[in-house]
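Trainee: I would like to learn how to read a model of this kind feature by feature. Could we go through it together, with the general idea before each case?

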Amino acid sequence: MLESLGPLTGSPWIYAVVALSVLLDVFLPVLPSGVLVITAATAAAAGSTAGVSAGGVQREVPSLLVLLLCAATASVLGDLFAYRLARRGGARFDRAIARSRRLTRAQERLGIALGRGGGALVVVARFAPAGRSVVSLGAGAAQRKIKEFLPWSALAGLIWAGYSVGLGWFGGQWLGASWIGAAVSVLALFGAGLLAAYVMRRPERSGRPAA
């Protein structure tokens, strides 16, 4: 895996590819944005792209700090784009959400969480498959204030990016720049996603206001 992506991870283009993937996966959750972040971080940790290429050009490993900032920033921008789109969509998005029990339940829980000043659900949803899309679109369709949503979106993007970069870094340090190291890190990311999905599906017991 890493060998095939070597020319890309050794180029500044890796930051643009990661940022674009993270930005768009709010609408296309099938994009492997997390896998790209982990792969680049693994290459940085193991120095797999260091050395001189066939043309005599020195290759550099990706900067972990720049990689983290690119991923986190793109995550927040994608959330805001989806939020604004749903907020302006008005009744059309309301009807679409009403047809989905999952979206309706997530929107209700999000509204309660943000109203109480505890948007941890936004952070949890960032790890769940399609959870980011559900929360960002739900917040916009519910006409939540940007000051209620944006800080939690920023925190979610930073935590997700830090977790993904950390997985790639430690995987590369412990297992080297091999497909095994990348696979273990990706499995850890998917494991966090499954846990987040479970938390999002769990019935809300204490979040509903008393009658």
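Trainee: Of the contacts in the chain with a separation of 6 or more, what percentage is accounted for by residues 24 or more positions apart?

Mentor: Please keep in mind that this is a predicted model. Among contacts with a separation of 6 or more, 77% are made by residues 24 or more positions apart. As for the elements, the chain holds ten helices and two strands, and from the N terminus on they run α-α-α-β-β-α-α-α-α-α-α-α. Of its 211 residues, 43% count as buried, while the accessible surface comes to about 10,900 Å², with 67% of that belonging to carbon and sulfur atoms.

Trainee: How many of the residues of α8 are buried?

Mentor: The cut-off to apply is that a residue counts as buried under 20% relative accessible area. Ten of the eleven residues of α8 meet it, so this helix is largely enclosed by the rest of the structure. The buried residues include Gly131, Arg132, Ser133, Val134 and Val135, and Ser136, Gly138, Ala139, Gly140 and Ala141 are also among them. Just after α8, Gln143 takes a positive phi of about 60 degrees.

Trainee: Taking Ser133 as an example, which residues is it in contact with, leaving aside its neighbours within four places in sequence?

Mentor: Ser133 has its place in helix α8, which spans residues 131-141, and its relative accessible area of 9% makes it buried. With the neighbours within four places in sequence left aside, Ser133 is in contact with Asp25, Val26, Phe27, Pro29 and Gly138.

Trainee: Which residues are linked in a network of salt bridges?

Mentor: The general idea is that side chains of opposite charge can pair when their charged atoms come close. In this structure the count comes to three salt bridges, and Asp25, Asp79 and Arg132 are linked in a network of them. The side chains of Arg132 and Asp25 meet at 2.2 Å, N to O. Because Arg132 lies in helix α8 and Asp25 in the loop between α2 (13-24) and α3, this pair ties together parts that are 107 residues apart in sequence. Asp79 also forms a salt bridge with Arg132, the closest N and O atoms being 2.6 Å apart. Here Asp79 lies in helix α4 (residues 64-89) and Arg132 in helix α8, so the pair ties together parts that are 53 residues apart in sequence.

Trainee: Are the residues of that network buried or exposed?

Mentor: Arg132 counts as buried at 5% relative accessibility, Asp25 is buried with a relative accessible area of 9%, and Asp79 is buried as well. For the remaining pair, the side chains of Arg144 and Glu148 meet in a salt bridge at 3.2 Å, N to O. Arg144 is buried, with a relative accessible area of 19%, whereas Glu148 is partly exposed at 22%.

Trainee: Turning to empty space, which residues line the largest cavity?

Mentor: A cavity is a space where a probe fits but cannot get out, whereas a pocket is open. The structure holds one cavity of 30 Å³ or more, and the volume of the largest cavity is about 30 Å³. Its lining consists of Asp79, Val122, Ala125, Arg126, Arg132, Val135 and Ser136. The elements that give two or more residues to this lining are α7 (120-125) and α8, with α8 supplying the largest share, three residues.

Trainee: And how much space lies in the largest pocket?

Mentor: The largest pocket holds about 390 Å³ of space. It is lined by 19 residues, of which Pro29, Phe127, Ala128, Pro129 and Phe190 are the closest to its centre. At least two lining residues come from each of α3 (33-46), α8 and α10, and the largest share, four residues, is that of α10.

Trainee: On the surface, which residues make the nonpolar patch?

Mentor: Trp169, Phe170, Trp174, Leu175, Ile180 and Val184 make a nonpolar surface patch of about 630 Å². Two or more of its residues are given by each of α9 (146-175) and α10 (179-201), and α9 provides the largest share, four residues. Val184, for its part, is found in helix α10 and is partly exposed, with a relative accessible area of 44%.

Methods. Residues are numbered from 1 along each chain as its sequence is written. This is a predicted model: local features need pLDDT of at least 70, side-chain atom pairs count only at pLDDT 80 or more; totals for chains, interfaces and linings use all residues. Side-chain values use heavy atoms; hydrogens and water are left out. Buried means under 20% relative accessible area, exposed over 50%, partly exposed in between (1.4 Å probe, protein chains only). Contact means heavy atoms within 4.5 Å. Patches are made of residues with over 30% relative accessible area and no salt bridge: like charges are joined within 9 Å, nonpolar side chains (Val, Leu, Ile, Met, Phe, Trp, Tyr) within 5 Å. Accessible areas come from the Shrake-Rupley method with a 1.4 Å probe; for residues, only the protein chains shown count as cover. A salt bridge is a side-chain nitrogen of Lys or Arg within 4 Å of a carboxyl oxygen of Asp or Glu. On a 1 Å grid over the protein atoms alone, a cavity is a set of points where a 1.4 Å probe fits but cannot get out, and a pocket is an open set with protein on both sides within 12 Å along at least five of seven lines; lining residues have an atom within 4 Å of a point. Grid points are joined across faces, edges and corners, and a volume is the space filled by probe spheres set on the points.
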